[in-house]
Amino acid sequence: MSTDTDPAPRTSPPRAGIPERLAAIGRHDLPASVVVFLVALPLSLGIAVASGAPVAAGLIAAVVGGVVAGLLGGSAVQVSGPTASLTVIVAESVHQFGWAATCFITVGAGVLQILFGVSRVARGALAIAPVVVHAMLAGIGVIIALQQVHVLLGGNSLSSSFASLAALPQQLMSVHRGDLAIGVVVIAILIAWKAVPRPVRVVPGPLVAVVVATVLSLVLPTHVERIVLNGSLLDSIGLPAIPSGSWSAIAVTMVTIALIASVESLLSAVAVDKSRPDKPTNFDRELIGQGSANMVSGLLGGLPVAAVIVRSITNAHAGAQTRAATVLHGVWILLFAVALAGLVQQIPKAALAGLLILIGVQLVKLAHIRLARRTGELYVYVATVLGVVFLNLLQGMVIGLLLSFALLLWRVVRVTIIAEPVTGARRWVVTIDGTCTFLALPKLTAELAKVPAGAEVTIEMTVDFLDHASCQLITDWAAKRESDGGIVEFVEIGSARMARAEAGPPERGRSRQVIDEVIGPWRRTGNREDPIAAGITAYHRGHAHLMRPHLDGLRNRPDADSFFLTCADARIVPNVITNSGPGDLFTVRNVGNLVPAGSSDVSVEAALIYALEKLDVRAVVVCGHSGCGAMEALHHEVQTGPGLGDWLAHARPSLDRFRLGHPVAAAAALVGFGQVDQLGMVNVALQLERLYAHPAVRYGIEERGVAVSGLFFDIATARLIEVTVDGIAEFDDAGSRVAAEPV
């Protein structure tokens with residue numbers, strides 16, 4: 001049985017019927033699938049040729065990547081297929097184990113990816129340092145470009161970068177002009193395609209370049225090497241073979257393919273999610289889908305697949321809404337490969353070489369190099385690129401990971417230690433800033449040795465981690481100097497404290513803990529510790545050292561920026577809520593933040609005149625607060641007896657104006673404040689009227705432009721509200737006033 005307070009039943013939006021969904025697919029996904037198909041086709045062929053695999057293997061991988069990964073993956077618009085990042089490792093595998101065994105390795109890599117997805121470690125792959133990923137892709141790009149330059153010049157790609165560089169001079173001496181011309185045409189079209197009008201760019205540049213190059217190769221009176229396709233796509237399907245050779249090498253290749261394919265797929269998913277935040281990727285399911293696609297591709301004789309950023313972003317920008325676009329692009333590739341296999345054999349190898357050279361060059365991004373330089377990771381980038389190019393992909397990635405971890409460790413454990421004298425004094429300051437561990441002992445010992453005997457020493461510790469070894473060295477050094485009659489003062493500003501260093505295992509301190517210690521209230525406990533004495537000790541050992549230079553500059557400047565009248569309530573800390581420091585506020589506090597008018601109590605009067613005439617304050621502020629005991633007693637007309645009752649009589653006009661319906665009370669009620677707080681705001685408004693009427697304040701406004709303002713501190717939200725004589729407003733984060741909204 002439901003009641004009036006039961007939540008309304010949650011209803012799901014009605015699902016579109018089959019005709020509506022088919023119409024949406026035809027309107028959005030079908031055009032997008034055609035665009036992606038036109039982009040993927042030449043790239044799949046080129047990657048197969050560059051990998052040393054049968055040409056049909058690239059088409060099989062493109063079909064499987066579109067259909068299987070598209071149906072089972074975790075992204076609605078991500079497109080998978082053969083990728084340039086796997087070209088190098090596949091080429092090495094084909095050279096070492098043969099093509100059929102490489103298909104077996106692809107199946108194994110797919111199994112590993114499924115295990116990654118089932119174990120829910122997908123997001124862990126994103127923890128690889130971006131500089132390593134960028135450098136790895138750049139190294140792959142360099143290798144592709146070096147290998148395909150030989151094909152562009154009419155030769156064959158070589159197995160290693162050393163061999164490619166060594167054979168390049170000889171290849172340049174025996175250039176086949178027909179192949180070179182075709183490849184240069186492809187590169188020129190791809191570079192110029194970015195400058196053509198946008199409506200023309202709807203047709204993918206790679207497709208245009210390959211088609212033009214193919215037509216030229218048929219027209220020009222020169223011989224060029226063309227793609228060889230042995231039979232139809234269906235004839236190329238074959239089962240994998242168990243590799244013969246070192247199983248450790250096989251396992252390494254399998255793991256490498258699985259890791260690279262997984263990382264690239266997840267990075268592609270992140271990029272797609274940024275452009276399509278309404279359709280977030282399920283990372284674990286994505287790895288399961290990618291693994292399934294690699295298993296199927298390997299079993300059918302296809303290349304390894306991964307999600308490709310370029311194709312995925314193209315699909316998203318082309319308007320794809322569902323998985324149908326990805327699946328359909330795979331279907332189009334299948335139909336093309338089966339029905340138009342003869343056209344594939346007319347494509348010159350040099351055309352695909354030109355396409356791959358540009359892809360390889362574009363993998364080396366200047367933005368990534370500049371970013372690595374700015375972040376101090378350039379040597380990690382360079383070392384990773386060199387490792388990938390001249391060793392192998394896995395070793396280069398390991399080198400990059402080790403160097404990035406070493407850089408991270410160095411940055412985390414780095415500590416700055418400086419010992420220097422204070423000008424004009426016999427005092428030295430030893431500053432220890434950062435993470436103080438046993439690794440800092442040599443530097444710490446050297447800096448402490450600089451301090452001359454007999455000098456007073458301040459050890460300023462701004463550390464977030466302090467282990468037992470460094471703490472012991474500092475305390476032993478201080479104890480020895482004090483035993484010799486010296487003075488050593490400790491200032492602990494950081495989150496890690498010496499008192500806790502020997503109480504248990506060292507832990508990294510938290511900055512929030514330091515803030516809480518400075519601005520948090522005393523906690524009442526059952527012990528008999530004097531909180532004032534304990535607070536003074538903490539102040540002396542903590543931030544007195546920070547206050548000293550500010551106060552030293554104010555010794556001969558008894559001025560202030562603002563006169564600040566507020567309640568005596570202990571929860572109101574004027575310097576905290578106004579983010580001010582020593583010398584900023586001339587603060588006066590009394591019960592109810594009142595400005596007595598025409599009475600024998602002249603304390604506020606004296607302070608106000610002194611602030612305006614002697615301190616030249618630029619602002620006069622009166623600040624009330626929520627939950628004010630004085631306002632509550634006034635509102636309920638509590639009999640408080642002589643003394644307090646006589647004082648609250650000065651606020652009686654505020655109660656009268658509140659009961660008559662003051663506009664400030666109405667504004668406060670509108671945003672949700674109770675009656676006592678409404679009265680507190682009205683009280684601030686009336687104190688403002690009294691201040692405006694005061695001769696000294698009026699003179700300050702006319703002669704010096706003194707600002708008069710009212711504030712109300714809402715304790716529950718720790719926010720300040722501006723109160724005027726007839727309304728209220730809130731401060732936004734930029735310091736501007738905005739109309740108060742209901743809470």
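**Briefing: a buried alanine, two cores and a sheet**

Let's start in a loop: Ala122 is buried, with a relative accessible area of 0%. Keep in mind that this is a predicted model. From there we'll look at the nonpolar cores, then a four-stranded open sheet, and finally helix H28 with its buried residues.

**Around Ala122**

- Ala122 sits in the loop that links helix H4 (99-118) and helix H5 (130-152).
- Leaving out residues up to four places away in sequence, Ala122 touches Phe116, Leu266, Phe283, Asp284 and Leu287.
- Ala122 and Val263 are 141 residues apart in sequence, yet their C-alpha atoms are 8.8 Å apart in space.

**The nonpolar cores**

- As background, nonpolar side chains in soluble globular proteins tend to be buried together.
- The largest nonpolar core here has 84 residues, and Ile140 and Leu303 are the ones that touch the most other members.
- Helix H2 (residues 55-72) is the top contributor to this core, giving 10 residues.
- There's also a second, separate core of 48 residues, with Ala651, Leu679, Leu688 and Val723 among them.
- Back to Ile140: apart from residues up to four places away in sequence, Ile140 touches Ala84, Ser85, Val88, Leu363, Val388 and Leu393.

**The four-stranded sheet**

- The strand order is S3-S4-S5-S6, the sheet is open, and the pairing is mixed.
- S3 (415-421) and S6 (488-492) are the edge strands; each has a single partner strand, so one side of each has no neighbour in the sheet.
- Going from one strand to the next, the twist averages 15°.
- S3 and S4 (residues 427-436) run antiparallel and are joined by seven bridges.
- Across that pair, Ile417 stands opposite Ile432 in S4.
- Helix H19 (residues 468-483) lies across S4, S5 (456-466) and S6, and runs at about 170° to S5.

**Helix H28**

- Within H28 (residues 652-659), the buried residues include Ser654, Leu655 and Phe658.
- Those three lie on the same side of H28, because they cover an arc of only 100° around the axis.
- Several helices help cover the buried residues of H28, including H26 (629-635), H29 (663-670) and H30 (675-693).
- After H28 comes Gly661, which has a positive phi, near 90°.

Conventions
Residues are numbered from 1 along each chain as its sequence is written. This is a predicted model: local features need pLDDT of at least 70, side-chain atom pairs count only at pLDDT 80 or more; totals for chains, interfaces and linings use all residues. Side-chain values use heavy atoms; hydrogens and water are left out. A nonpolar core is a set of buried Ala, Val, Leu, Ile, Met, Phe, Trp, Tyr and Cys residues joined through side-chain atoms within 4.5 Å. Buried means under 20% relative accessible area, exposed over 50%, partly exposed in between (1.4 Å probe, protein chains only). Contact means heavy atoms within 4.5 Å. The arc is that of the directions from the helix axis to the C-beta atoms. Two strands pair if DSSP finds at least two bridges between them. Axes are lines fitted to C-alpha atoms, for helices over the stretch in contact, and angles run from 0 to 180 degrees between N-to-C directions.
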